[in-house]
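Hi,

Here's the structure I promised to pass on. Have a look at it first, then read my notes underneath.

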Amino acid sequence: METAVLGRDGPRISRIGLGLAAIGRPAYITTGRGADLGSDRSEATFRERTAHLLDAAYAVGVRYVDVARSYGSAEAFLGGWIAKRGPLDDLVVGSKWGYTYVGAWNLDAPVQEIKDLSLTAFERQYGETRALLGDHLRLYQVHSLTIESGAMDDAPLLAALARHRAQGLRIGLTTTGAHQAETIRRALDLRVDGVPLFSSVQATWNLLEPSAGPALEEASAAGWAVIVKEALANGRLTGVGDAGGADSPLGRASVAHGVEPDALAIAAALAQAWVSVVLSGAATVDQLISNIRALDIRAEGLPDLAVPADEYWAARSARPWT
């Protein structure tokens with residue numbers, strides 16, 4: 001497995017990481033969940049699925065795992081797996097605070113998560129995350145930070161984040177929506193007591209929605225780690241997705257490259273010089289192995305699939321939780 005450093009002076013990680021958003025809770029917005037996961041969405045079954053997936057990921061060299069407080073029981077699943085496997089000193093975990101999971105393991109819950117970027121939420125969720133993940137937590141990120149949230153103007157919150165940074169925890173942010181670039185650039189300028197607060201950004205970048213690319217390049221140049229999420233556009237850029245099927249431009253390009261569309265889409269993200277790690281959101285071992293084939297591909301001659309950012313995010317917002 002190829003490796004990279006998680007930002008300036010950060011720990012070494014694998015260039016493909018594993019995100020547990022799709023497997024830590026019964027409902028999510030990824031295409032094809034019915035076929036991938038079947039009808040048994042019990043917490044016990046998902047715990048077992050997650051352990052099996054983590055075993056396979058670790059065996060092929062994945063050394064970065066992404067979770068969040070809002071990913072159902074993902075942190076608990078991961079913490080339990082680490083405890084059973086014994087010390088895993090080379091495993092780096094990044095998590096996120098700012099959303100609270102309220103789905104109560106109910107597939108049909110009308111609301112699955114609630115956003116709260118307050119100091120109170122941070123202090124509560126940090127304690128919860130640390131209790132589950134211990135010292136494996138190396139990066140803690142503000143979940144879906146936006147300029148409109150006001151978090152970057154909340155002096156007590158910023159001071160609390162800076163205290164944890166001073167104690168050795170890397171502080172990052174994740175972005176979402178059509179204005180990711182503006183958020184990233186604002187965060188790049190943010191200082192607490194004259195010291196940059198953030199050292200990493202996790203952002204959506206894919207063949208359909210590459211608009212954050214220039215800002216992410218600036219972040220990389222500043223020494224930040226750049227983590228790409230949703231490289232497969234929540235399943236749209238896979239063989240069963242609307243932008244990756246056999247008759248699509250990506251589908252035809254993948255045939256020419258001799259791989260599945262998902263591998264080609266991830267290879268396109270890995271090919272960006274400013275990328276540190278690309279997250280696989282695999283829900284099955286077969287998906288994970290297909291995703292990892294991206295490491296062996298030269299992403300050349302790919303079709304231009306980019307759509308206006310507003311159009312992309314409107315379509316994403318309309319995706320059902322299934």
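Below is what I found in it, from the overall build down to single strands.

Quick caveats: this is a predicted model, with local features needing pLDDT of at least 70 and side-chain atom pairs counting only at pLDDT 80 or more, while totals for chains, interfaces and linings use all residues. Residues are numbered from 1 along each chain as its sequence is written, and side-chain values use heavy atoms, with hydrogens and water left out.

The protein has eleven helices and 14 strands (DSSP runs numbered from the N terminus: helices are H or I, at least four residues, and strands E, at least two). Its radius of gyration is 18 Å, close to the 20 Å from the globule rule for 322 residues, so it is as compact as a globular protein of that length (taken over C-alpha atoms; the rule is 2.2 Å times the number of residues to the power 0.38). Buried residues account for 57% of the 322, buried being under 20% relative accessible area with a 1.4 Å probe, protein chains only.

Now the fun part: a closed barrel of eight strands, running β3-β4-β5-β8-β9-β12-β13-β14 with parallel pairing (a pair needs at least two DSSP bridges). Neighbouring strands in this sheet are turned by 30° against each other on average, direction ignored (axes are lines fitted to C-alpha atoms, for helices over the stretch in contact; angles run from 0 to 180 degrees between N-to-C directions).

One pairing to zoom in on: β13 (residues 225-229) and β14 (residues 277-280) are parallel over two bridges, and I227 has V277 in β14 as its bridge partner.

Cheers

Technical notes: Buried < 20%, exposed > 50% of the residue type's maximum accessible area, 1.4 Å probe, protein only.
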